[in-house]
Structures are given as structure tokens and as C-alpha cells.
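Please open the model in a viewer and keep the selection panel at hand. The tour below proceeds stop by stop, stating what to select and what is found there.

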Amino acid sequence: MATETTGKTALIVGASRGLGLAMAEAFLERGWRVIATVRGAGRTKLHDLAAKAGGALEILTLDVTSQDELAALAQKLVGRRLDLLFVNAGALDDPPKPIGEVSTDEFIRLMLTNALGPLRVVEALQSLVPRDGAIGVMSSGLGSVSRNVGGGYEAYRGTKAALNTMMRSFAARAGGERAILVMDPGWVRTDMGGANAELAVEESIPRLVDTIIANRATPGAKFLNYRGETVPW
């Protein structure tokens with residue numbers, strides 16, 4: 001872990017494993033204080049990371065699909081300053097099906113987890129982020145409408161495209177005062193991404209975190225990949 005601190009704090013929602021866990025570790029290595037959330041009360045790899053972080057990592061509980069848990073989290077954070085609010089939440093339709101074959105319950109689950117839940121978090125906690133801070137969400141290249149030429153993962157694509165659109169609407173209402181970052185980490189080998197994915201976590205997340213930090217103080221909405229390149233909406 002870094003010995004020099006930046007004095008900055010990141011809240012990473014959804015950090016018990018995979019991309020969120022790697023983000024928490026990367027920010028700690030860069031001298032940030034991290035508040036990270038998990039679902040439920042069980043021990044996770046995030047708790048193991050906290051044991052090595054010397055008090056720089058605080059773990060709180062949140063299921064983004066629960067408005068009651070979100071209200072409780074917002075209450076715990078009253079008066080805190082967040083230099084970065086980042087929501088890493090996602091669920092995949094597995095196995096993927098044509099949209100007409102996706103059940104109503106499955107579609108609602110994906111939309112709530114991938115789009116509505118994250119935006120509720122953003123709306124509830126935005127006041128903790130100053131004008132020179134940033135608000136971000138983990139999207140996907142599959143959420144790009146213009147790049148969708150092959151189909152597949154239709155429900156997942158649709159909910160990530162909805163997330164992107166909602167973030168642009170949020171940015172419009174926010175008046176361009178803060179950086180609004182919609183991030184594409186690439187296809188990464190995690191429990192969700194699968195063993196055949198193109199990138200190791202170590203190839204994606206450190207660069208994604210550096211991209212966030214580089215764009216943190218630039219107001220306006222951006223859809224960026226982990227290399228800092230613009231992704232077409």
C-alpha cells in the first residue's frame with residue numbers, strides 16, 4: 001500500500017470481488033482513502049484487503065437494489081466528502097437469450113441492478129461530491145448503441161445502454177459542474193466476465209483507475225474505456 005496519502009476519498013459501491021475489489025486496491029496503492037461497499041455480512045476478500053490497509057479502507061454494506069439500505073448508507077455518510085463516487089454494479093443474463101425469450105422477472109432484475117439501482121445511488125449521494133470531484137459508473141462496451149453490430153447479450157446490452165442514457169440525463173441536470181465518467185473496463189476475466197475474456201484484471205483496472213484520476217477534474221459526461229479512449233455512445 002502507498003505510504004504517501006493524497007487526502008482524497010473514493011467511495012466504491014460494489015467492491016467485494018472482481019473489478020470493484022481491484023479498484024479499491026488500486027486507489028489504496030495510489031494513496032487514496034477508500035470507502036467500499038459489500039452486500040450482506042459475510043467475510044470477503046475486501047475484508048482481507050482492509051486488514052492490510054492500515055485504516056485507509058472502510059467497509060460499509062449496500063445492496064444497490066434496496067432503497068432501505070441506500071437510505072441507511074446515505075445517513076451514515078452525512079457530512080462526509082467524496083472526491084469520487086463510483087458505482088460498480090452489474091449482473092449478466094446467463095445464458096444469454098434473444099430479448100423475446102427473457103422472462104419479465106429476469107429483465108427487471110437486470111434493469112434494477114445495472115441501471116436503476118446505480119442511478120439511485122448517484123442521486124442519493126451526489127451532494128457529498130464537490131464541484132472538483134467526480135461521479136462514475138461501471139458500464140460496458142456492450143452498452144454502446146452505435147457499436148452494436150453483432151447482437152448478443154441483448155438484455156445486458158440494453159440495461160447498460162439504459163445506464164449510459166440515464167447518466168447523460170443526470171449530467172444534463174447537474175449542469176456540467178462535475179466530471180461524470182461512464183467507464184468501459186474491457187472484457188475482463190472475472191467470475192462475471194468468464195475465463196475466456198481478453199484481459200486480466202491487472203491489465204484493465206490499474207489503467208482504468210488512472211484514467212478516472214486523469215479525468216476527475218474535467219467537467220462533463222464522458223464514456224471512456226480503461227485506456228482513456230472515448231467510446232461512442
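A polar contact is a pair of N or O atoms within 3.5 Å. The coordinates shown are those of a predicted model.

**First stop: threonine 44 and helix H2**

Select threonine 44, in the loop between strand S2 (33-38) and H2. Display its side chain together with the backbone of leucine 46: the side chain of threonine 44 reaches the backbone nitrogen of leucine 46 at 3.1 Å. The atom on the threonine side is an oxygen, and through this arrangement threonine 44 caps the N-terminal end of helix H2, which comprises residues 45-52.

Is threonine 44 buried or exposed? Its relative accessibility is 17%, so threonine 44 counts as buried, the cut-off for that class being under 20% relative accessible area. Next, add Ser16 and Val38 to the selection; threonine 44 is in contact with both of them, when its neighbours within four places in sequence are left aside.

Follow the chain to the other side of the helix. Just after H2, select glycine 54, whose phi is positive, at about 60°.

**Second stop: the cavity**

Now turn to internal voids. A search of the whole structure finds one cavity of 30 Å³ or more, and the volume of the largest cavity is about 30 Å³. Which residues line the largest cavity? Select Ala171, Ala174, Gly176, Glu177, Arg178, Ile180, Gly220 and Ala221, which form its lining. Colouring by secondary structure is useful here: helix H5 (154-174) and strand S7 (220-225) each contribute at least two residues to this lining. Colouring by residue class instead separates the lining of the largest cavity into four nonpolar, two polar and two charged residues.

**Third stop: an aromatic pair**

Remain with strand S7 for the final stop. The whole structure contains two aromatic pairs according to the search. For one of them, select phenylalanine 223 and tryptophan 233: the ring centres are 5.2 Å apart and the planes stand at 40°, so the pair is tilted. Phenylalanine 223 belongs to strand S7 and tryptophan 233 to the segment after S7, so the pair ties together parts that are 10 residues apart in sequence.

Finally, switch to a surface representation and examine each partner. Phenylalanine 223 has a relative accessible area of 2% and is therefore buried. Tryptophan 233 has a relative accessibility of 27% and so counts as partly exposed, a class that lies between the buried limit of 20% and the exposed limit of 50%.

Key: Residues numbered from 1 in each chain as written. Predicted model: local features only at pLDDT ≥ 70, side-chain atom pairs only at ≥ 80, totals over all residues. Heavy atoms only, no water. Polar contact = N/O pair within 3.5 Å; in protein donor to acceptor, adjacent residues only side chain to side chain. Helix = DSSP H or I, 4+ residues; strand = E, 2+ residues; numbered from the N terminus. 1 Å grid on protein atoms, 1.4 Å probe; cavity = no way out; pocket = protein on both sides within 12 Å on 5 of 7 lines; lining within 4 Å. Points joined across faces, edges and corners; volume = space filled by probe spheres on them. Nonpolar A, V, L, I, M, F, W, Y, C, P; charged D, E, K, R; others polar. Buried < 20%, exposed > 50% of the residue type's maximum accessible area, 1.4 Å probe, protein only. Contact = heavy atoms within 4.5 Å. Phe/Tyr/Trp six-rings, centres within 6.5 Å; stacked < 30°, edge-to-face > 60°.
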